[in-house]
Structure formats: structure tokens, C-alpha cells
Amino acid sequence: MDADISASAAGSVTPPDSDPGRKRRAHGMLKHYYGLNEEGKTDQPESLDPCDINGPHFDPEVFLNKLRKECSLAELMDQESCMVKQIRALDSDMQTLVYENYNKFISATDTIRKMKNDFKKMEDEMDCLSTNMAAITEFSARISGTLQDQHTQITKLSGVHTLLRKLQFLFELPARLNKCLELQAYAQAVSSHRRARCVLQQYSHMPSFRGIQDDCHAIMDQLAQQLRQKFRDGGSSAKDLSECVELLLQLDEPAEELCDKFLSHAQSRLEADLLGLEAELRVPVSASVPITSGDPASSSASKALAAPADEGPAGSTPSRTLLSPTSRTDILEFIDRGCNEFVSSLCLVIASYQELFINRPQEGELASKNIPQMANGKLHSFVDALAVRYFTLVERRIQEEKGVGDNSLLVRALDRFHRRLQAVSKLLPGSAVPSQGTEIVVRAARERIRQYLSALQSFYLDSLTDVRQALAAPRLSVGGAGVAGAGAAVKDASPSLPDLLTSLSGSILNQIKSVLASVHLFTAKDITFSNKPYFKGAFCSEGVREGLVVSFIKFVCQSSRQFCESAGDRGGTTPPALLLLLSRLCLDYETSTISYILTLTDEQFLVQHHSPVTAVTALCSEAREAAQKLLNHYVKVQGLIISQMLRKSVETRDWVNTIEPRNVRAVMKRVVEDTTSIDVQVGFLYEEGVRKAHSSDSSKRTFSVYSSSRQQARYAPSYTPSAPMDTNLLSNIHKLFSERIDIFSPVEFNKVSVLTGIIKISLKTFLECVRLRTFGRYGLQQIQVDCHYLQMYLWRFVSDENLVHFLLDEIVGSAAHRCLDPAPMEQSVIEVICERG
Amino acid sequence: MEDDAPVIYGLEFQARALSAQTAETDAIRFLVGTQSLKFENQIHIIDFDDENNIINKNVLLHQAGEIWHIGTSPADKGVLTTCYNKTSDCKVTGCAAVWRMPAEWESGSHESPDDSSNSPQTLELLCHLDNTAHGNMACVLWEPMGDGKRLISLADNHVLLWDLQESSTKSAISSSATLEGKGQLKFTSGKWSPHHNCTQLATANDTAIRGWDIRSMSQIYCIENAHGQLVRDLDFNPNKQYYLASCGDDCKVKFWDVRNIGEPVKTLEEHSHWVWSVRYNHSHDQLVLTGSSDSRVILSNMVSISSEPFGHLVDEDDLSDAEDNGQEEKCKEPLQDSIIATYEEHEDSVYAVEWSSADPWLFASLSYDGRLVINRVPRALKYRILL
């Protein structure tokens, strides 16, 4: 029971009672009785127990039975007293509650009674109010009824007023427009007219309006005229111009026409620039006419026409300094002028045009006309047409740039040219102009490479001419010194040969390097066009490497070969020393120079080989081939010179009726001398080479063999009738054991081989000439003497002395065959004669 | 292949002069003239038996002197000319004469075992070509395909046209021309063109080749510096009238179109020494034979400038023929200018080469040591040309 009371006592207002616990409990119980659950705590399990004395299902019978069954008597007694005590407490609680609430009831009843009285009074007042209101409404309706008429009249009047103002505007319009025209307030005029335009249009059937409209039209026409005039004059600022265009557009002026006018106007200005450029192109040329022709009086127009033709030779005259003619403005200046005048004004035109016609906000009907597209097309064709003219001028100027001296100027000019065109490309994204400009630069670069190549080539040829002259000069002194001093003189002069070679190859290499350096400017980092794909790839590999370097090397080989071919038929117009020199040059190229140059090029230009390029080995083999050919040719030419001497000496003599030999013939001495000088000459440029070992005194020993045993074997049987067979047999046996000799065979790159070749040719000629002649006794003996002399001196030059022996044997043998009276000379006598000589 | 092996014949003497017997079209016959200052000179008549690969020789004595050049009459098998050196009183003069072979040489041709015991027969002199006024004879040319009545001789700087009369026993100069110029001009060789009714002649002196019109005896063209050095020999293309081959001391063989003498049509540079002789094949003018003092004979196939077109059209017959010669299938691709063969049988300078007049596939070459070599065109090539 205590637990229940405490649970239900929460939240109750504590009455001013001495025992709050009691009071609370009673309050809770009452509440409980009325089914009020405090603060919604209904979920408290309701005790269904019939024995719960506080529960709603309390059954006194059950409770009593339960007590009686379960409790002892004492407990029952206790229970009974406790129950009595509780009943008493409850009764007293009830009494106090009734007392407490009684006063409250009484006051509430009083209040209600008072309210009843007040409401009655208020009702009366409300009634009075409603009657008043009804009266007011009635009055108001009467007033508005009376004012109605006046109100409509006022409205009408105000309508008329506005109409009249509009009409006034219309009537004043022409005057106003005129005034605007006078004040040049075109914008105001146009806006006024625009406002009035449709009204006038609508009421144009009425004569008065018609008159106004006509007046307006006339004025507006005048205005448009003035605007157009202003537009045409073009002296006005860009802002004025744009305003002008805008107004004209608003005046329904056809946009196309405006574009055309604008462009044609711009064109005239740009054309003036172009003409200025063109004049610049022409002026220096005509100025140069008197210089080239030396006839200033007749420098007429025809001269000016002929001038470009004159330009060629003037530019290509071998000027060692390779400087362009100074009389004209240089190309950088020209391009500068072109950029500053033409390109910049072109940009201006493009910009203002775009602002006027393309980029302006479109409003109203103008938008529908698709002006930007049309205008853009016009602009493109305009720019293209002008650019083409400009480009032709630039190209003409570039083409005149023939001197290959200062490449930097051209490169800078091209760079500027290219750079300025970028501005155009920015302004006019779809234009072909920049690409065409790049094209021009590429062409110029190509042309430049060609020029450098030809400059290199002419430099090479000039160098060769110099070498030729240098070679010819000492040669003259040799001729002056006479035959005896020839060897010595050649010795004096010849040290220049290696010097010439080094200076020649050095100067060529330097020239190549300087050309490479010049060409390298095209790919410099600060040049705008250097990162174009062409300059990164094709320019380096195809242009510089193939077009310049490889072509030049090929040219060197080619021209060297030409020396062999052209000179071959005409009998050596080239000095042999030059052939030798060139052969060595080509050989040096093969061994080192080519790879050096190509490596240099590749390094400088970072050549990436997209397309197949000429391999170093191919060039080397070409150079080697040229060297071989030159050397072969040298051998041939030198051999022929000596051959010619021998041949003349054999052919022009009457060998049948000659006197007994007392001397070696002068021609043989000459042959030995020439061979010696050739030996010296070749020795300067080529290594010694290998020769077969020979005995300590080859000249003596072998010769004695040849003369004593073989000669006798040859000639002795000739006196018997059965001899010929034996002679043939002997010589044939000899041939069986000797190798076949190729006379004009390729030689190796060394001195011995070269000299062997020359001597072979000479002696073979000697042999063939001897076979065509008939000899007397002394003729044969003279040949013997000559051959012995040759034997004494020639063996030392050749790789295999047996070769000389064999050929000389053959000569003497043939001479003996061709002899009418073959009586050979005593060997000792021959030796004496030779040694005396 | 054994068939293709060269046949070699040795003379006792040195020799330069070689000629085919032009009038003989059945037997393969060459004439060789010897050069000896000490002994009787001889003319060897070499008969080649193609089937048995055997050489038959006959020797005729040529007592006048050493022979530098032989020419055979195109009309009469028995008639020939020689240019020879006559030595008398320490003077050497070049002479020329017309000879007739003794009629019975052929009967005694079957070699008796001891040839020397049989005293060889002697040539019968028909007439001398009197040159006392004109200097040394370099060569004598018969009118090609003529009746054996007209001759041209080149003597020093003179061109002499001879008429033979009374069955070649009398000779008379009918016209002559002289080459004028500075220095001593001397003809080295010449050729009578078989074209244009035999009215043209080409001569060589020093480095120049000159053409002559025989009717007017005037020069019609001149190729100056035809060769870098001396021009040694000439030959006309037998089938193309304006084509001419020349060779010389610059080791080159050049082919000319005489209508355009600025540049040779073709140049061969295969020899390693002077080229002494050049000969077109009489029927297949792409075959060109050259002999040189490098002891080699070279046979070249100059298809590009021959009268025969490149690559024949192959018709049915040719196809069946080609099947018969199965190994020759490769002949169908067009031939290139090329060297067919280099013959190295000689050991001394080869001064003369000559095609046989009877067998177009056969040729002889003669070297200074007296060795005569008879060769054939390689059979493979022969079939390629024929088929």
C-alpha cells in the first residue's frame, strides 16, 4: 500500500497541510477513482487482483475469504485495526476537500451573474452602430452617382492630350531631324526617326502624314548620304566609324555593301603600302643599272626591265667576300617596313572590321541576316587577296637576296615576317595567310640551302682554280730553268703540294663549317619558325644534311670524276699534279673528312632521320671510287706523257740508217728525269708502299743475266735457218712463267704502285712502237743502250723489278726481230756508254 | 662443250696480217701473212674443218717482203692483195701488189708429212700498185661485194682509187685524194663502207676518223679526236649504214653514228692496252670482236645498238624449238650489252681479229708471236640469237 501511495503522489500540488503525505495520498486516490491517470501514465499495470483494496476490481468477499484463509488471528486483528485507521484517514481527507472548494464555487457563480448583465448593454450599442452604417452607405452611393459623368470626360481629355503630343512630335520631326543634321547628332536623328517610322508608315494613306513621311525620308536620305560620306572619307576615328556603321545598319543600309565599302576603303590604304614596298623593290634595282651598264643616260624603263637579268651575273660574280650588294636597303629593313606598314595596318583593318561587322551584338532584324558569316567570308577573301600580293613582293625581295654573306639578316627578317603573321593568325583564326607565310619561309630556307650549295660549289671550283694557278706558276719556272734543272726545280716547287692540299682541304672545311653555322641560324631557338615541323625534321635531314652537305660531297666526287672523263679524250687539260692532289683529297675524305662533316652536321642539327638518308659508307665508297679513278687517271696521264716522248722518239727516227750509238738518247734521260720528278711528286702525297725485296745491286746483277745468258740464247740461233722456232720457243717459255701484265690496270694508293703503273705504260708503248719499225744494226744497238739505261734507273721505282726486266727484254727482243742485221752490242760497251751518260 | 674449245695454230714467224677469204662462202678459210726480215715470207692458207675440228694449212711463198696487210678479192677466191715492206739498200718502203694464188695449191693441200721438203709454191704476181709518188702503203681495200675490179689504197696521206684492168694484170689510178694539214699526216687504217653503193670510205689518221665520198674524192665528215690517242682500226656495221666502230691506243672501242659525230653512241673500255682491231660480225652485228696488245680477244654483245631488235617476238614455232633446247629457256629475257667472252689464248699482242666469211659463228685471231686461234661464239649465245 505504501508503494502505491508514493507512486501516485508524484506531481501533485502540496496543499497547506501538516501532513503532506496523507493529503497527497488521498488526492491520488481520488484521481484514481475518477480514472485520471496522472500525466498519461496509464500504462501502469492496473492491478486486476480482486484482493487489491485500492484496485477497481476489488471484491470484498474474496478479500475477506483470502484473509481468513491465509492469516492467523493476530494478523487478522492487525489487518482490521490497520483498515479502520485507513478508513478514518480517508473520511477526514474528504471533509477537508469539501471545505477547501466551497468558496471557489461561490465566487464563480458571482462572476457569471455579473457578465450576464454587461452583455445586455453591449447588444444595444451594436444595433445603433448598424443603423448608422446603413445611412452612410446610402449617402456614398448617391455621391458617386453624381460624379460619374465628369470622370469619363476627364479620361477622354487626357487621351486626346497624349495623341496631340504624339502628333506634335510627328509634325516637329522634320525640323528636329534637320536640326540634328545640322548639329551632326546623327544618333539622335536616327533614334527619332526610328520611333516615328512605323506610325508614319501606318498612316501614310493620309496626305498630311504622307507629307511628313516624305519630308522625313528626304532628310533621312540626306543623313544617310552624309553618313556614307563620312564613312567613305574614313578620316574619322575608329569609334566614329563604328558609330557610323551602326547607324547605317540601323538605316537599313545593306550590310554587304557596307562591308564592301569598308574593305575597299581599307584596300586603297593597304594598296598604298604595297605600292610603297614595290617601289622600294624597284628603286634600288634601277639605281643599280647605271652601275652595271655604265651608261646612266639610257636608264630607261626598258633598262629597268632588263635589270633583273643584269642582277644575276652581278650577284654571281665571284666575290670572295660573298657580300650582298650594299646599294639597296637590306632585307631586314624591307621586311620591317612591310611589317610595320602593311601587316600592322592589315591587322588594324581586320580588328576594326571584326568589331564592326562580326563581333557586334546582334539585335532585332539584323540578327536574322546572318551578317557575321557573310562579313567573315568577305574579310577572308579580302585578306587573302592582299596577302598574296604582299607575299609575292616579299618573295621577290627574298629572291633578290643572293649574296650568302650574312645569313643572320635574312633569318631575322624571315623571323620578323613570320612573327608578324602570327598576329594575323590570332585575329583571323581560319585564315590561310600564316600557313602561306610559313610556306614562304620554308621556300626561302630551301632556296637558301641551294644558294649555299652553289656557293660552296663555286668556292670549291675557285679553290681548284687557285690550286691550278699555284701549280702552274712553278711549272713555268721549271720551263725556264731548262731540262737539266727540271728535277731540282720541281723539288723546289713541290713542297707546296702538301701545303696546297692542307690549305685546300682546310679552306673547304672552314667554308662548310661557316655555311653550317649560317644555316644553323634557321633552327635557332629564338626564331619563331624554328619549331615548325619542317624546320625540325625535313629542313635538317633533307635540307641541310642531304641537300647541302651530302650534295656538296657528291659534287666534289662528281667534279673530280669529270676531271678524269673530260680530260681523258682531250689529252690531259688538267695538270697531273692537280689530279694527284684531288685523288689524295678524295682519299682523305673517304678516311676521315666525310664522317667528320656528317657527324658535325648531325650534332649541330640534331638530325632525326625520318626519311632514309645517304649513309656515310656510301659517300665514303663514292669518294674512294673517285680517288681511285683520279689516281688511275693520273697514272694514265703521266704514263701517256712519257709514252708520247718515247713514241715520238721511235717513230721519227730512221732506225735503218742510224749511226753507231755513242750516247744514251736524250729522250731516255728525259724519261728517267720525269719519272724521278713524278716519284718526288707522288711521294709528297702518298706513302711509299710495299715493293718486293730486291737484291743489293739490282741494276747490275739482273742486267748481266739478261744480257749475257738470255740475249745470247735469243740471238745466237738467229743465224741458222732453223732458228725462228727456237726464238719463239724461248720467249714463249719465258712468258709461260711470267704473269700476264695488265698495262692500264687500277693502282693502289701508294707511290710504288703509281710509279709501277706509269712505267708499265711507258715501256709497253715503247715495245709496241719498236715492233712497228725496222732496225738496222746500229738501230738495234741504240735500243740496247737505251734499254740498259732505263734498266739502270727505273728498277728502283717499281714494286717488282722483274716487271721492268721483262718489258725491257721484250723490247730488245722485238727490236732484234725487227732488225735487218742483228748484231748486238757488247755488254761491256753498253755499260760504258750508259755510265758515261 | 668440247666443240667450243679453241683451235690453235702456230706459225714459225711473227705475223700481223690476217684476212678471211671473202669470196669463199663454203669453206672456213683464213689467210695469214708473216713478217720476217730474214726469211722468205709466207702466206698461210688456213682451212678449218668445222666438223672434225682439224686445221689444214697450205703455204704460199711471198717473196716480195714482210707482209703488213692482206686483202682478199670479194669476187675471185684466188686473188688477193698484200701490203709489204721492201727492204733495199738500207731503205724500207711500203709497197702493195695484187696476187693470184697458184691454181693447183688446193690439189697439193693434203699435207705431206714433211712439209718443208715440198718446196712451197709461189704467189703469182698480177700487178703492182705503183706507189712511188705516194709513199708507203698502209693498207689496200677491195670494193665490198664488188666485182673485184676496184681497189682503194691508203699510202701515207693519200687515198688512191685503183681500177684493175685486163683481168687484174694492169692497175691504174682512177682518182685520188690527199689529206693536207700541218705535220706529217699518215693514214693508219681505213674501211670501205658497204653501204650507199660503196661510195663511202672511212679512214683513220692519228686521233681523227674521216669519211670520204669516193665519187668526188672529198671529205664528208671528220671526227676529230675520235680517240684520245691513235686510232688503230675501223669497221662498218654491215647492217646499219651510219654506224661505225673504231678502236685505238686509249684502250677504248667506240661506236659512232656518223650523222652525229659529236659524241660516240657507245664506248667500251674493257681492254687494258691498245686495241688494234675491231670487227663486226657480218650477219649479227651485235657481235663485236676486238683484239688488243694486252693479248686478249674480247667478244662483246652490243645489243642496244645492233640492227636486231631487243627481244624477238616469240611465236609458236620458236616455242616448240625452245622446248627442244630446254636448257636455253633463259633466252627469253632481253639481252643486255655485255661482254660475252674474253679469250686469253694468246701470249703476245693480238694485232688482228677476223670473222670467218663462211661461218658467222667462227672467228680467228692472230698474235704477234704467230699464233692463230680459231674460236666460236659460245653456243648458248648462238641459240639465243637464233631462236
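In this predicted model, the contact between the two chains draws on 35 residues of chain A and 41 residues of chain B. Put together, chain A and chain B bury about 3,200 Å², and 47% of that area sits on carbon and sulfur atoms. Area is a handy yardstick here, since the size of an interface is often given as the accessible area lost when the parts come together.

Charged pairs turn up across this contact too: the count between chain A and chain B is four salt bridges. One of the salt bridges pairs the side chain of K636(A) with that of E269(B), at 3.2 Å from N to O. As for polar contacts, 12 residue pairs across the interface of chain A and chain B fit the rule, with both partners at pLDDT 80 or more.

On the chain A side, several helices chip in. At least two residues each come from α18 (538-570), α20 (616-651), α23 (723-737), α24 (751-771) and α26 (801-817) of chain A. The largest share belongs to α23(A), with six residues on the side that touches chain B. Sorted by class, that side of chain A is a mix of 14 nonpolar, 10 polar and 11 charged residues.

One of these interface helices, α24(A), also packs against a helix of its own chain. The axes of α24(A) and α25 (residues 777-794) of chain A come within 13 Å and cross at roughly 170°. With a crossing angle over 145°, the two helices α24(A) and α25(A) are therefore roughly antiparallel to each other. From α24(A), the residues that take part are I759(A), L763(A), F766(A) and V770(A); they meet I783(A), C787(A), L790(A) and L794(A) of α25(A). By class, this helix-to-helix contact comes out as eight nonpolar residues, with no polar and no charged ones, whereas the side of chain A that touches chain B includes 10 polar and 11 charged residues.

Definitions and conventions. Residues are numbered from 1 along each chain as its sequence is written. Chains are lettered from A and ligands numbered from 1 in the order in which they are written. This is a predicted model: local features need pLDDT of at least 70, side-chain atom pairs count only at pLDDT 80 or more; totals for chains, interfaces and linings use all residues. Side-chain values use heavy atoms; hydrogens and water are left out. Contact means heavy atoms within 4.5 Å. Buried area is the accessible area (1.4 Å probe) that two parts lose on being put together, summed over both. A polar contact is a pair of N or O atoms within 3.5 Å; within protein, one must be able to donate a hydrogen and the other to accept it, and residues adjacent in sequence count only if both atoms are side-chain atoms. Helices (H or I, at least four residues) and strands (E, at least two) are DSSP runs, numbered from the N terminus. Ala, Val, Leu, Ile, Met, Phe, Trp, Tyr, Cys and Pro count as nonpolar, Asp, Glu, Lys and Arg as charged, and the others, Gly among them, as polar. Axes are lines fitted to C-alpha atoms, for helices over the stretch in contact, and angles run from 0 to 180 degrees between N-to-C directions. Angles under 35 degrees count as roughly parallel, over 145 as roughly antiparallel, 65 to 115 as roughly perpendicular and the rest as oblique.
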